[in-house]
Amino acid sequence: MASQQLDLLDPVSRFCGDALPANSIFVFLHEHRDRLFPDGLFTDLFAKVGRRSVPPSVVAAVMVLQRLEGLSDREAVDRFMFDARWRYAAGVGGWGGAGRVGFAHTVLVDMRERLRRSQRPDRIFEVALDAARTAGLLGRRRVLDSTPLYDAVATMDTITLIRSAIRGLLGVAGPDLAASLRAVLSAGDDYTSSAKPVVDWDDQSAREALIDSRARDGHALLAALDGRDDLPEPVIQAMQLLATVLGQDLEAGADGVLRIARKVAPDRVISTVDPQARHGHKTSHRGFDGYKGHIAVDPDAEVITATAVTAGNVGDAEPAADLITDLTDTTEPAEDTAAVYGDAAYGAGEVLDRLNAAGIDIKTKVQPPNAPAGKFTKDRFDINLDAATVTCPAGLTVSIRPVKGHARHAGKADFGTACAICPLRGQCTESKIGRSITISRHEAHLTTARTRQTDPAWQADYRATRPKVERKIAHLMRRRHGGRRARMRGRTRVAADFTLLAAAVDLARLATLGLTHTLRGWTLNPA
């Protein structure tokens with residue numbers, strides 16, 4: 001393990017101890033690294049016997065500084081070798097005597113992979129969070145938000161996707177199986193190169209013939225493997241990817257030719273190199289390719305309490321429940337009421353229902369109702385859920401008829417032909433069949449939330465609290481590596497990297513707050 005035996009005599013330790021601010025992350029790691037990341041924390045990652053390795057506490061400290069400063073693996077090792085602050089933080093001292101000079105950058109790669117395969121892949125984040133919780137920094141308020149994470153691969157067009165998926169299937173098949181599969185190919189393409197076939201791309205007929213021939217090769221491969229139960233797992237996965245790629249973009253015309261469909265599949269695979277990346281939209285006008293990083297922040301301590309990563313096309317409300325498990329899954333009685341803040345993306349009925357059931361104060365915005373061309377909005381209608389009726393602005397009352405089998409809609413009120421003679425028709429609807437009001441399965445929670453957010457006190461609290469999560473996201477995204485551009489492939493690895501980034505930012509925040517450790521545990525330094 002890393003040693004501080006030479007601290008009193010080591011020139012690097014003396015220099016950094018005098019020159020660095022007391023609330024520096026380097027000083028914080030130097031003083032508390034062995035307590036935060038004792039080598040025993042990582043014993044499950046390594047064999048009991050084997051060659052001597054770099055102490056895990058040193059590697060963990062380097063990983064934290066690497067994510068905090070946004071460095072690649074090679075840059076991080078260079079910084080460890082030549083930057084006195086990094087050596088001070090890692091507890092290895094200067095360059096003479098017993099101090100470790102450096103290590104290969106692949107040590108960082110290996111450590112991340114060992115953590116990913118372990119039962120506690122996010123233990124560095126958990127350590128930082130436990131320190132904050134022990135010091136009493138974490139309250140019962142959480143602010144939620146998300147941010148795009150751009151994927152680390154190039155988005156592929158349809159022909160590249162198909163050829164890449166075919167090439168991948170042929171590549172994982174053994175020599176004998178690959179030979180039998182190549183026998184069913186008829187397009188004249190050997191699928192050994194990633195380059196696009198040479199055709200006249202300005203000729204529509206040539207483009208369509210290219211798509212059709214490669215798609216038929218793909219279908220022929222799937223047909224040749226259909227029904228076989230002796231296929232290895234890599235071949236099965238490659239088949240599934242090929243089937244997905246063929247099914248998402250193509251449609252057969254009246255002449256039987258397979259062409260690119262004039263639509264975008266809702267869950268479209270955009271790259272065979274990273275099949276989990278997706279097209280996403282942060283707003284209606286701002287698109288991206290890759291993933292979404294989600295965080296929950298304690299607005300008082302400004303500490304990140306939870307993270308999640310989803311595909312880019314997943315809505316913000318879906319991972320919300322996982323971000324607040326520390327509020328909803330606790331069995332200990334609380335002195336104060338928990339509260340959750342979020343923008344309108346978290347104002348979905350499902351989220352409101354979960355928060356209400358957990359007794360959490362709902363501080364998430366709910367979209368106001370809207371209607372086209374300035375017509376009467378839904379809130380102009382009197383909805384009586386107890387009586388199952390809806391009364392329109394003109395005073396007409398109709399019953400709510402149940403809607404079965406719909407995930408979000410519980411009922412509908414149809415005013416029908418009565419709208420034809422209504423004097424307010426021009427302000428209400430232009431539909432020939434009259435105005436209809438849809439009743440959500442969570443209508444009561446949505447109505448209550450819309451009413452509550454009109455309160456000036458509610459609005460003042462929201463405006464004072466909600467922006468803190470945006471500032472924290474800005475801290476996460478400002479670096480070249482591990483910020484908005486993912487440097488991993490696959491959601492699991494991207495999520496692990498994002499969580500490590502959150503851990504580094506949390507540790508820097510704890511250092512700024514003056515967290516220290518005493519005989520009673522973690523506490524804020526009274527100085």
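Trainee: What span should the 15 residues of helix α8 have at 1.5 Å a residue?

Mentor: The expected span of a helix is 1.5 Å times one less than its number of residues. For α8, which covers residues 158-172, that gives 21 Å, and the C-alpha atoms at its ends are indeed 21 Å apart, which agrees. Before we go on, keep in mind that this is a predicted model, in which local features need pLDDT of at least 70 and side-chain atom pairs count only at pLDDT 80 or more, while totals for chains, interfaces and linings use all residues. Residues are numbered from 1 along each chain as its sequence is written, and side-chain values use heavy atoms, with hydrogens and water left out.

Trainee: How many helices and strands are there in the protein chain?

Mentor: Helices (H or I, at least four residues) and strands (E, at least two) are DSSP runs, numbered from the N terminus. On that basis the protein chain has 19 helices and 16 strands.

Trainee: Which residues of α8 are buried?

Mentor: A residue is called buried under 20% relative accessible area, exposed over 50%, and partly exposed in between, using a 1.4 Å probe and protein chains only. Of the 527 residues of the protein chain, 46% are buried by this rule. In α8 the buried residues include Ile 159, Leu 161, Ile 162, Arg 163 and Leu 170. The buried residues of α8 pack against helices α9 (175-182), α10 (204-225) and α11 (233-249) and against strands β2 (250-252) and β3 (258-260), where a contact is a pair of heavy atoms within 4.5 Å.

Trainee: Is Arg 163 buried or exposed?

Mentor: With a relative accessibility of 5%, Arg 163 counts as buried. Leaving aside residues up to four places away in sequence, Arg 163 touches Asp 189, Tyr 191, Ser 193, Ser 194, Ala 195, Pro 197 and Arg 214. The C-alpha atoms of Arg 163 and Ile 211 are separated by 9.8 Å, although these two residues are 48 residues apart along the chain.

Trainee: Where does Tyr 191 lie, and what is its phi?

Mentor: Most residues other than glycine have a negative phi. Tyr 191 is not a glycine, yet its phi is positive, at about 55°; it lies in the loop between α9 and α10 and is buried, at 1% relative accessibility. Ala 373 also has a positive phi, of about 60°, without being a glycine, and its place is in the loop between β8 (361-364) and β9 (382-384). Unlike the buried Tyr 191, Ala 373 is exposed, with a relative accessible area of 73%.

Trainee: Which residues are buried in α6?

Mentor: An α-helix has 3.6 residues a turn, so residues three or four places apart point the same way. In α6 the buried residues are Leu 108, Met 111, Arg 112 and Leu 115. They cover an arc of only 95° around the axis, which puts them on the same side of α6; the arc is that of the directions from the helix axis to the C-beta atoms. The buried residues of α6 pack against α3 (56-69), α4 (73-82) and α7.

Trainee: What span does α7 have, and which residue follows α7?

Mentor: Helix α7 has 12 residues, 123-134, and its end C-alpha atoms are 16 Å apart, in agreement with the 16 Å it should span at 1.5 Å a residue. Among the buried residues of α7 are Ile 124, Phe 125, Val 127 and Leu 129. After α7 comes Gly 136, whose phi is positive, near 75°.
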